[in-house]
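Let's take a walk through a protein model together. Have the 3D view open and follow along.

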Amino acid sequence: MISRPHTGNLGEAAKQLLVKRVAAYLPPIALPDPGAVQEKFKGAVLSTSLEGFVALADSLVKTGREGAEALTRILNSYLGEVNQILVESNGQILDFDGLDLLAFFPEDLSLETPDALERAGFASQALLKLNNAFPPVQTSEGRFGFQMKTGLAEGELLLTVLGSDMLGRTLLFSGTAVDQARMACLRADWGEALRWNEQGLWPVESDETASGSKGSSSSYSFGEEELLSIFNRLATYLPRQLAQRLKSQPDVPLHGEFRRVVNIFLQLPGLDLEQPGDLETLKEYFLTVQGICTGLDGRVHQVVPLPDQQGVRLYLAFGALSTNSDDAEHALRAALALRELPVAPKVLPTLGIASGNVYTGSIGTDQRQKYIILGDVVSLSALFSEAAASEEPGTLLVDRYTRERVGLSYLFGGDLILNLASLPFPVRASRLLSPRPQVCSLATFVREYAPSGSLMTGRLGLIEEAFEGTRQVILVNDTGHASYLAHRWYKRDGAGAAGTCLPNASTVPYVAWSSLLGGLVGLNETDSRTEKAAKLSQAVARYAPDHIPLTNWLNQLMGLTLEEPDFRRRVSGQQRDLFFRLVIDLVKGMAETKPLLLIFRDLQWSDEPGLLLLEQVVGELENAPVLFCLTAQHPDAELQARLNALCGA
């Protein structure tokens with residue numbers, strides 16, 4: 001459970017300052033209470049794209065704290081001037097992340113310039129002039145300048161509150177005007193301002209930039225409400241740790257810093273936020289994502305509609321406000337959980353993950369603050385999620401650095417070489433498939449899958465035939481039957497192990513054999529990697545001494561050493577016969593010491609090389625004291641025929 005920050009030890013002046021600072025993280029239209037304000041606003045939306053700050057951040061990261069302080073000063077100066085221009089035109093910043101900015105200009109007939117689109121046009125030209133005049137920054141790696149382009153649209157802005165009081169809340173800005181402004185910005189050239197209307201896209205004309213406004217959109221009133229109540233309500237819209245830092249020292253500035261962050265971008269296809277049903281779907285989905293991330297010390301940093309794709313993109317961060325040595329592990333666990341959550345029936349999200357040092361910090365002025373995460377790996381994870389969308393549904397792409405950080409704990413499919421439009425060079429990404437299967441001995445299997453009498457109906461005859469020695473291979477339709485057989489076998493002092501085929505891992509050869517062989521050899525999770533390798537070497541030397549030179553293959557298969565390039569392709573291809581002979585002789589040698597029960601679960605997900613190996617092992621060990629128990633849920637006709645052949649049916 002996340003504790004809510006409180007202000008019990010602060011004086012009245014400190015509480016007033018604290019409320020002012022917390023309120024600066026929210027746009028004025030959301031105040032004084034985001035959950036109680038109207039959901040629809042009429043006006044103009046301005047969307048901008050920025051280029052230069054990411055490259056500058058990656059240049060300064062090598063200088064550590066000094067570079068973070070310099071970047072904070074630059075960003076504060078830039079955002080402060082941007083905010084001033086918007087306020088002078090009665091506009092306000094809705095969102096800013098160092099790459100994009102979204103601003104809103106509400107309709108207001110009391111202003112000197114009542115037309116919202118005209119004021120937005122004035123602001124867009126002023127922002128382009130500001131950007132052109134903003135001085136380049138010199139670092140040890142070169143001179144960094146900045147580019148901007150803008151898009152405008154007039155219409156409806158929708159404000160939606162996502163999340164919960166316990167897990168935290170965030171604001172989603174959507175609507176026709178937001179989509180059209182973003183599309184106009186997307187199609188503009190650098191240094192250009194385009195506006196959207198029914199006839200298409202048009203450059204912002206000079207008469208649309210005639211004047212600003214003397215009004216101000218940043219005023220709001222909390223009335224006589226108690227300060228503690230205001231803080232508790234608004235703090236839920238900030239990252240929890242950020243709110244706690246503000247609470248502990250409301251008069252101390254928050255310093256930016258470079259941190260190692262794991263970034264996940266998740267794309268949800270097929271969501272039209274103009275439709276109430278889709279918006280409700282997103283609200284429910286967001287709560288689920290929040291729960292998964294919070295349980296793994298991560299958070300949802302940003303939610304952005306994708307007007308050109310009719311979808312939504314979520315940005316999740318692990319390690320942004322506090323670094324944990326398990327951030328990469330937590331991020332991959334979260335990604336795998338999220339991959340299995342369909343947005344709509346049979347529609348899976350696509351995800352991209354990249355990690356590295358990024359800039360994190362609160363920037364802006366006393367009037368408007370934003371907590372941002374800025375760095376090249378943030379952009380890379382977003383590009384990965386877009387590239388994954390062109391692959392099969394549910395594809396999850398991971399950068400090399402994150403893959404190295406999780407070591408041997410996960411299984412990855414074949415790598416992709418991506419030619420991304422915004423990068424000058426190809427990038428390698430790995431497909432994340434699943435956690436590496438845990439070693440499962442027969443004793444472990446019996447403990448984890450206790451027999452259930454209700455599951456045995458109709459299968460006891462097969463099991464009795466197996467014990468009588470009249471059947472060597474039996475096929476059952478669930479794990480309960482296999483556990484009953486294993487329980488009886490284990491009570492008779494029989495040995496054995498279980499292996500499980502994993503969903504999404506059919507392209508990785510021998511997944512089930514990895515855990516099964518480890519269980520036969522006697523590996524367990526309390527052993528160090530060195531102890532496991534020693535046990536494996538001893539088993540090969542004892543039971544299959546002719547294959548000692550090939551022991552390294554088993555080390556790689558079971559995740560005891562890093563896999564060589566193309567290792568699995570080789571042992572399932574040109575070196576398959578050698579590998580099969582190693583496994584067959586090892587199992588046969590162990591069976592001569594004690595009869596074995598080998599359980600293969602979920603063969604409907606089996607990889608083809610693993611299934612071929614099973615067929616050959618069954619054929620060659622026909623006269624050995626080895627019993628095979630196979631489980632498969634709803635196999636297709638071809639697999640069913642092969643399983644029937646194994647059982648002699």
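We'll start with a pair of helices and then move on to a sheet. Keep in mind that this model is predicted.

Find helix H3 first, at residues 65-88. Its 24 residues reach 34 Å from the first C-alpha to the last, close to the 34 Å expected at 1.5 Å a residue. Just after H3 you'll meet Asn-90, which takes a positive phi of about 60 degrees.

Now look for H3's partner, helix H2 (residues 53-60). Two packed helices are described by the angle between their axes and the distance between the axes. Here the axes come within 9 Å and cross at roughly 160 degrees. Because angles over 145 degrees count as roughly antiparallel, H2 is roughly antiparallel to H3. The crossing itself is right-handed. Which residues of H2 meet H3? They are Phe-53, Leu-56, Ala-57 and Leu-60, and on the H3 side they meet Gly-67, Leu-71, Ile-74, Leu-75 and Tyr-78. Sorted by class, this contact has eight nonpolar residues, one polar and no charged ones.

Next, jump along the chain to an open sheet of four strands, in the order E18-E21-E20-E19, with parallel pairing. E18 (473-476) and E19 (495-500) stand at the edges with a single partner strand each, so one side of each has no neighbour in the sheet. On average, neighbouring strands are turned by 15 degrees against each other, direction ignored. Four bridges join E18 to E21 (residues 626-631), and Ile-474 stands opposite Cys-629 in E21.

Helices pack on this sheet too. H15 (residues 511-521) touches E19 and E20, while H20 (residues 608-620) touches E18, E20 and E21.

Conventions:
Residues are numbered from 1 along each chain as its sequence is written. This is a predicted model: local features need pLDDT of at least 70, side-chain atom pairs count only at pLDDT 80 or more; totals for chains, interfaces and linings use all residues. Side-chain values use heavy atoms; hydrogens and water are left out. Helices (H or I, at least four residues) and strands (E, at least two) are DSSP runs, numbered from the N terminus. The expected span of a helix is 1.5 Å times one less than its number of residues. Two strands pair if DSSP finds at least two bridges between them. Axes are lines fitted to C-alpha atoms, for helices over the stretch in contact, and angles run from 0 to 180 degrees between N-to-C directions. Contact means heavy atoms within 4.5 Å. Angles under 35 degrees count as roughly parallel, over 145 as roughly antiparallel, 65 to 115 as roughly perpendicular and the rest as oblique. A crossing is left-handed if the near helix is turned anticlockwise from the far one by less than a right angle, and right-handed if clockwise. Ala, Val, Leu, Ile, Met, Phe, Trp, Tyr, Cys and Pro count as nonpolar, Asp, Glu, Lys and Arg as charged, and the others, Gly among them, as polar.
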